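Work through the exercises below with the model open. Try each task before reading its solution.

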Amino acid sequence: MNDIEEKPEEEQDIKNTKGYKFAAGKGGVLNLPNKLTISRMVMIPFFVLFFYLPFPGHYFVSLAVFIIASLTDLFDGKIARKYHLVTNLGKFLDPIADKVLVATSFIVLLTRPEVFTAGGNLGNWTVIVAGCGVAVILGREIIVSGFRTVAADAGVVIAADKLGKYKTTFQDISVGVLLGSAGIAELTDHIAGVIVNYVGLAVFAIAIILTILSGINYIVKNIEVLKK
């Protein structure tokens, strides 16, 4: 009984902090977490723009935009939960922003075959495999999104599991490392670019495996939703 009574007091204490006032802003749905989510979506066109603009170091600029966008994904949820600023707008936009950022990143990388062939050291078959891998990533996200929609209609809330979080982490890391390798290869012929590229490809392979496993695990754990 005491725990139930303490919750409103705890929330009131949080609302009296400077952190809450800063995060909440003027009130309404445009709080700091949602602004971070929206900024992530706004950064996606700039990520693509810098990826293709032909100036020295453009891959690194694109990488910087990707890192900043990924960090907003890390902080928006934490701030929203910490200060009880979770909104329906945030629930709607956050997963969309995440999926569009990752999907866009892998799609533009596929337009640079050398990224998946270690600068030509591997055969073109690696580009085909990479394309299939990206298709798996996109397919998994579409299936899971549809699954969540069915679950929501059935009144079931499905939380993200650790395997899904590991999948997202490795996807982000693989994009970052592959972009970094492209940046190094663009500016110098040093073997470091090739080594970093191999590391990126290895992380990408792990990300694909985790994508498949997390998708299967997600459906198997919640298969009862489809039986209703």
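Three exercises on this predicted model follow.

**Exercise 1. Find the residues with the most contacts inside the largest nonpolar core, and the helices that supply this core**.

Solution.
- Start with the core itself. It has 27 residues.
- Rank by contacts inside it. Phe106, Leu109, Phe116, Leu179 and Phe204 have the most.
- Turn to the helices. At least two core residues come from each of helix 3 (32–52), helix 4 (58–82), helix 5 (88–110), helix 6 (125–153), helix 7 (162–187) and helix 8 (191–221).
- Look outside this core. Another core, of 8 residues, lies apart from it, and includes Tyr20, Ala23, Ala24 and Ile79.
- Now take Phe116. Leaving out residues up to four places away in sequence, Phe116 touches Leu109, Leu110, Leu122, Thr126, Val127, Ala130, Leu178, Leu201 and Phe204.

**Exercise 2. Compare the span of helix 5 with the expected one, then find what its buried residues pack against**.

Solution.
- Count residues: helix 5 has 23.
- Take the span from first C-alpha to last. It is 34 Å, close to the 33 Å expected at 1.5 Å a residue.
- List the buried positions. Among them are Gly90, Leu93, Ala97, Leu101, Phe106 and Leu109.
- Find the partners. The buried residues of helix 5 pack against helix 3, helix 4, helix 6, helix 7 and helix 8.

**Exercise 3. Where is His84, and is it buried or exposed?**

Solution.
- Locate His84: the loop between helix 4 and helix 5.
- Read its phi. The value is near 55°, positive in a residue other than glycine.
- Recall the usual case. Most residues other than glycine have a negative phi.
- Check accessibility. At a relative accessible area of 44%, His84 is partly exposed.

Technical notes: Residues numbered from 1 in each chain as written. Predicted model: local features only at pLDDT ≥ 70, side-chain atom pairs only at ≥ 80, totals over all residues. Heavy atoms only, no water. Core = buried A, V, L, I, M, F, W, Y, C linked by side-chain atoms within 4.5 Å. Buried < 20%, exposed > 50% of the residue type's maximum accessible area, 1.4 Å probe, protein only. Helix = DSSP H or I, 4+ residues; strand = E, 2+ residues; numbered from the N terminus. Contact = heavy atoms within 4.5 Å. Expected span 1.5 Å × (residues − 1).
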